[in-house]
Amino acid sequence: MKNKGFSQIANNLIWDSDLDNHSKMLWINIRSLSEKYRTLRNKTLLIKLGISLNTLQNCKAELIKYGYLKVIRKTSANKYELAIPN
């Protein structure tokens, strides 16, 4: 299924100079998933993005800080809700 469909990316995410490129790619990767499949483990994201745990944590913190991401903590994995701030 990952070769089918497409994802729409808002211009304010693309042009947001406050966000690191890794943060943008994290958001885009999560956006590419169906809402019901946005419960992910860090290990899955690390493999998918090819980044370190420290970089992943920084990306999440950045996306949360600027209102692009909300993380709902679960016991074995985290659920991710996306937003585009005004």
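Let's start where two helices meet: in helix H3, Asn 42, Leu 45 and Leu 46 make contact with Leu 53, Leu 56 and Lys 60 of helix H4. Sorted by character, the residues of this contact are four nonpolar, one polar and one charged. Keep in mind throughout that this is a predicted model.

How are these two helices arranged? H3 and H4 pack with their axes 10 Å apart, at an angle of about 100°. Angles of 65 to 115 degrees count as roughly perpendicular, so H3 is roughly perpendicular to H4.

**The sheet and its helices**

Now turn to the strands. In which order do the three strands lie? They form an open sheet in the order E1-E3-E2, and the pairing is antiparallel. The edge strands are E1 (39–40) and E2, each of which pairs on one side only. E1 joins strand E3 (residues 78–82) in the antiparallel sense over two bridges. Across this pair, Thr 39 stands opposite Lys 79 in E3.

Helices H2 and H4 both pack on the sheet, as the table shows.

| Helix | Strands touched | Angle between directions |
|---|---|---|
| H2 | E1, E2 and E3 | about 100° with E3 |
| H4 | E2 and E3 | about 115° with E2 |

**The nonpolar core**

Helices and sheet also come together in the core. The largest nonpolar core has 16 residues, and those touching the most other members are Leu 26, Ile 30, Leu 45, Leu 63, Tyr 68, Leu 69 and Tyr 80. At least two core residues come from each of helix H2 (21–31), helix H3 (42–49), helix H4 (53–65) and strand E2 (69–73).

Ile 30 is a good residue to find in the structure. Leaving aside residues up to four places away in sequence, which residues does Ile 30 touch? They are Arg 38, Leu 40, Leu 45, Leu 69, Tyr 80 and Leu 82. Leu 45 is a residue you have already met, in the contact of H3 with H4.

**A residue on the outside**

For a contrast with the core, look at Lys 43, which also has its place in helix H3. Is Lys 43 buried or exposed? Its relative accessibility is 61%, and exposed means over 50%, so Lys 43 counts as exposed. In sequence, Lys 43 and Ala 77 are 34 residues apart, while in space the distance between them is 9.7 Å, C-alpha to C-alpha.

Conventions: Residues numbered from 1 in each chain as written. Predicted model: local features only at pLDDT ≥ 70, side-chain atom pairs only at ≥ 80, totals over all residues. Heavy atoms only, no water. Core = buried A, V, L, I, M, F, W, Y, C linked by side-chain atoms within 4.5 Å. Buried < 20%, exposed > 50% of the residue type's maximum accessible area, 1.4 Å probe, protein only. Helix = DSSP H or I, 4+ residues; strand = E, 2+ residues; numbered from the N terminus. Contact = heavy atoms within 4.5 Å. Pairing = 2+ DSSP bridges. Axes fitted to C-alpha atoms, helices over the stretch in contact; angles between N-to-C directions. Parallel < 35°, antiparallel > 145°, perpendicular 65-115°, else oblique. Nonpolar A, V, L, I, M, F, W, Y, C, P; charged D, E, K, R; others polar.
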